[in-house]
Each structure stands twice: as structure tokens, then as C-alpha cells.
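Please open the model in your viewer and keep the selection panel at hand. The stops below go from one residue to its surroundings and then out to the whole chain.

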Amino acid sequence: SSGKDLNWKVSIVDLLKLLNIDSSSTARKELATELACPANLMSDSAKMNTWLHKEVLKRIASNGGNIPANLLD
């Protein structure tokens, strides 16, 4: 898909779909664990998802991806 209907700038699920990565709850928890999400955020899915979204964007940027600066704050 073109990604035009995905709200990847705010949604971790849409961002992972755009990257063709499993966006299921289980897969997001596994990815958060792999990327060293703080333990205190893992028990709150909304906080974990917010952290994961920012972390994935940071990793994309650190690997040469063009991410708007306001999304990396």
C-alpha cells in the first residue's frame, strides 16, 4: 500500500504497518523489549506504545532516514 491512509506520525501501529513489520500487540511488546523499553512503561500499553513510536523514529533517523525534527523531540 502507498501508506497515504496511515497516520504513522502518531501511531506506532501505522508506522509498523508502513515498515511492513508485524504491528500486533504481542509483536509490539517483543519489539519494545528488544529495544530496551523501560520496565515501568511495559505494564502500560499506551505508554509503551508512545515510547516505542519515538524509539522507532529515532532508530530510522539514526540509520539515515528522513524524519521531521519535531517528531524526534
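Helices (H or I, at least four residues) and strands (E, at least two) are DSSP runs here, numbered from the N terminus. This is a predicted model, in which local features need pLDDT of at least 70 and side-chain atom pairs count only at pLDDT 80 or more, while totals for chains, interfaces and linings use all residues. Residues are numbered from 1 along each chain as its sequence is written, and side-chain values use heavy atoms, with hydrogens and water left out.

Select N49 to begin, a residue of helix α4. Buried means under 20% relative accessible area, exposed over 50% and partly exposed in between (1.4 Å probe, protein chains only), and N49 counts as buried because its relative accessibility is 18%. Taking contact to mean heavy atoms within 4.5 Å, and leaving out residues up to four places away in sequence, you will find N49 touching I12 and R28. If you draw a distance from the C-alpha atom of N49 to that of A27, 22 residues apart along the chain, it should read 11 Å.

Move next to R28, which lies in helix α2. With the same exclusion of residues up to four places away, R28 touches I12, V13, L16, S23, M48, N49 and L52. Which side chain of opposite charge is nearest to R28? It is D22, 7.2 Å away, and R28, although buried, has no salt bridge; that term requires a side-chain nitrogen of Lys or Arg within 4 Å of a carboxyl oxygen of Asp or Glu, and in assigning charge Lys and Arg count as positive and Asp and Glu as negative, with His and the chain ends not counted.

Now select the whole of α2, residues 25–34, where A27, R28, L31 and A32 are buried. These four cover an arc of only 135 degrees around the axis, which puts them on the same side of α2; the arc is that of the directions from the helix axis to the C-beta atoms. The buried residues of α2 pack against α1 (12–18), α3 (39–42) and α4 (45–62). Turn the view to the other side of α2, and T26, E30, T33 and E34 are exposed. Following α2 comes A36, whose phi is positive, near 70 degrees.

Finally, show the protein chain in full, which has four helices and zero strands. Of its 73 residues, 32% count as buried, and its C-alpha atoms fill a box of roughly 30 × 25 × 20 Å along the principal axes.
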